[in-house]
Structures are given as C-alpha cells and as structure tokens.
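Subject: Structure handover

Hello,

Here is the structure we talked about. Please open it first, then read the notes below.

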Amino acid sequence: QAYPDGGVLDIDIDNGARKEKVDTASAEVADEVLQIDLEDGPHTVKLSTDAKASRIYGVAFDRNQGFILDALMNIGGWSYNFLNYDIEHLNQQIEERKPDLVIFQFGAKEAYIYPDYNELPAFVRDYAEGVTRVMSGQPQASCLIVSNKDQGIKKRGRIVTRPAIPRIVKGCERVARRTLCAFYNIYEDMGGAGTMKKWRQHKPPLVSSDLGHLMDPGAIKTGDIIAEELLEEYE
C-alpha cells in the first residue's frame, strides 16, 4: 500500500545477487503492485523495511506455466465477513490475481458458536452478497460454493452431529443457486450425519477432540474424497 509516511522496502534476492528498493510513501492512499521477473528455479527473497512502517498485502511466487492455488484462511470467518471489506480495494486485488475459479466455504463458525443456529435467511443473504462482491472483481471467472462438512458435539456422553449443520448445508446450496455458482456437498460426500463420530473413533483419529478440525490423516482422506469425486465426474 502506498500511503503518507510509508517506509522504504528493501528486497534482497538470492543473498545480494539482486536488490530492489521501493519507497511506499505517497500523498494519497493507493494499492500498488511490484512485479519482479526471475529465471525459473529456486530463489530466496528477504524483505525488510526502514524505521518507518511498510504495509504489504502479500507476496505471490508464480511461474508462467502450470496451476496456481491461492488459499486465504479467514480464521474465525463468518458468512458476512466480506461485507466488511472495502469493495474497491477487494476488486482491485482480485483483478490483479485474475482467478479462473473462486471457491468459497463458510458456515463452520456459525455452527461451532451456535450448535442450534437457525438464522438461515440472514446466513444466505449475507453469504450471497459477499460472493457477489468478490466475483464482481473478476465476473468472467467461475465460482464454486463448498458446503460445510460435518461437525460433532457431545450430548449425554454421545457424539452427535450439531443440529445446525444440515440447515447450514442447505443454506450453502441456496447461496450457490442465488449466485449462479456451482455447488459441492462435501457434507454428504464425507458420509453425512455422524461422520465426526466415526472419524474421531477411527484409529488413528481423523478429527481433533473439538470434533470439527481435521487431523493430518483426516485432511488427506478428505482430499482423496474430493479427488475421487472430481475424477468420477470428469470421466
């Protein structure tokens, strides 16, 4: 970000083989992008700044061929989070990345904080509006809504599916229809209700003790489930 009182950013590539200096000071606040082209192969990049602060949105290391995956983990994300973003800034950032496909997955926070969550109209409304705002930055791109997976909760010593989960999954499908995005029901593909009970009791456990976050073996199994579904649909 260029802004008043911005610092000078020093970029050291391959231990001094190449150096760049970027003055981020500007009379007005603006989003800027610096592109550095290097030969294909391994490199090291070190960023540092002077006494003044520099605001950096991110760094992307891309090759000019192949498949690129940008993953944004919105920790503690709610369905309405995108409504809090500056739409002009958001669109400019998306235009810079030029995605061919944008994948959304929300709903876990609602179910975790409120196991009996039933504010479905608000969930669908806010989620759909957020998707619409994001996609306005790259309207020609495809979009995919992935449903929430199963989440468990202990009741009277038994592990059961949180009551809100099936409702939220249906809400995600409504969001997909409203925004004309594709929809993937990963909740059903993973086994539907009771999945977290089975996965927690598996040896080794596939899900953590909170009955929502996947352990490494569970993440690998989930990836396999998605890959098998993609290949089956492709064939």
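One cut-off comes first: a residue counts as exposed when its relative accessible area is over 50%, and as buried when that area is under 20%. Anything in between is partly exposed. Asp40 has a relative accessible area of 56%, so Asp40 is exposed. Please keep in mind that this is a predicted model.

**Salt bridges**

Asp40 is a good place to start. What does Asp40 form a salt bridge with? The partner is Arg63, and the closest N and O atoms are 2.9 Å apart. This pair links distant parts of the chain. Asp40 sits in the loop between β2 (18–23) and β3. Arg63 sits in the loop between β3 and α1, and the two residues are 23 apart. Arg63 has a relative accessible area of 53%, so Arg63 is exposed too.

A search of the whole structure turns up 8 salt bridges. Side chains of opposite charge can pair when their charged atoms come close. Here are two further examples.

- Arg18 and Glu20 meet through their side chains at 3.2 Å, N to O. Arg18 is partly exposed at 31% relative accessible area. Glu20 is partly exposed as well, with 23% relative accessibility.
- Glu173 and Arg177 meet at 3.3 Å, N to O. Both lie in helix α4 (residues 164–179). They are 4 residues apart, about one turn of the helix. Glu173 is partly exposed, with a relative accessible area of 29%. Arg177 is exposed, at 63%.

There is also a network. Asp62, Asp70 and Arg97 are joined into one by salt bridges that share partners.

**Strands**

Now turn to strand β5, residues 142–146. Is β5 mostly covered or mostly uncovered? It is mostly covered: 4 of its 5 residues are buried.

β5 pairs with strand β4 (residues 101–104). The sense is parallel, and there are 4 bridges. Leu101 stands opposite Ser142 in β5. Phe104 has Ile145 of β5 as its bridge partner.

β5 also pairs with strand β8 (residues 182–184). That pairing is parallel as well, over 3 bridges. Val146 has Tyr184 in β8 as its bridge partner.

β4 deserves a second look. Its side chains alternate along the strand. Val102 and Phe104 point to one face and are buried. Leu101 and Ile103 point to the other face and are not buried.

**Aromatic rings**

How many aromatic pairs does a search of the whole structure find? The number is 9.

Take Phe106 and Tyr127. Their ring centres are 5.5 Å apart and their planes stand at 80°, so the pair is edge-to-face. Phe106 lies in the loop between β4 and α2 (108–113), while Tyr127 lies in helix α3 (residues 120–135). The pair therefore ties together parts that are 21 residues apart in sequence. Phe106 and Tyr127 are both buried.

Tyr127 has another ring partner, Phe123. Here the centres are 5.5 Å apart and the planes are at 75°, so this pair is also edge-to-face. Phe123 and Tyr127 both lie in helix α3. They are 4 residues apart, about one turn of the helix. Phe123 is buried, with a relative accessible area of 0%. Tyr127 has 2% relative accessibility, so Tyr127 counts as buried.

These residues belong to something wider. Phe106, Phe123 and Tyr127 are among the members of one aromatic cluster. The cluster also includes Trp78, Tyr80, Phe82, Tyr85, Phe104, Tyr114 and Tyr117. Phe104 is the β4 residue with Ile145 as its bridge partner.

Another ring to look at is that of Tyr3. The charged end of Arg55 sits over this ring, 3.9 Å from its centre.

**A nonpolar patch**

Last, look at the surface. Val45, Leu47, Ile56, Val59 and Phe61 form a nonpolar patch there. Together they have about 470 Å² of accessible area. Phe61 lies in the loop between β3 (45–49) and α1 (87–97). Is Phe61 buried or exposed? Its relative accessible area is 66%, so Phe61 is exposed.

Best wishes

Definitions and conventions:
Residues numbered from 1 in each chain as written. Predicted model: local features only at pLDDT ≥ 70, side-chain atom pairs only at ≥ 80, totals over all residues. Heavy atoms only, no water. Buried < 20%, exposed > 50% of the residue type's maximum accessible area, 1.4 Å probe, protein only. Pairing = 2+ DSSP bridges. Phe/Tyr/Trp six-rings, centres within 6.5 Å; stacked < 30°, edge-to-face > 60°. Lys NZ or Arg CZ within 6 Å of the ring centre and 35° of its normal. Patch = residues over 30% accessible without salt bridge, like charges linked within 9 Å, V, L, I, M, F, W, Y side chains within 5 Å. Areas by Shrake-Rupley, 256 points an atom, 1.4 Å probe, with all protein chains shown as cover. Salt bridge = Lys/Arg side-chain N within 4 Å of Asp/Glu carboxyl O.
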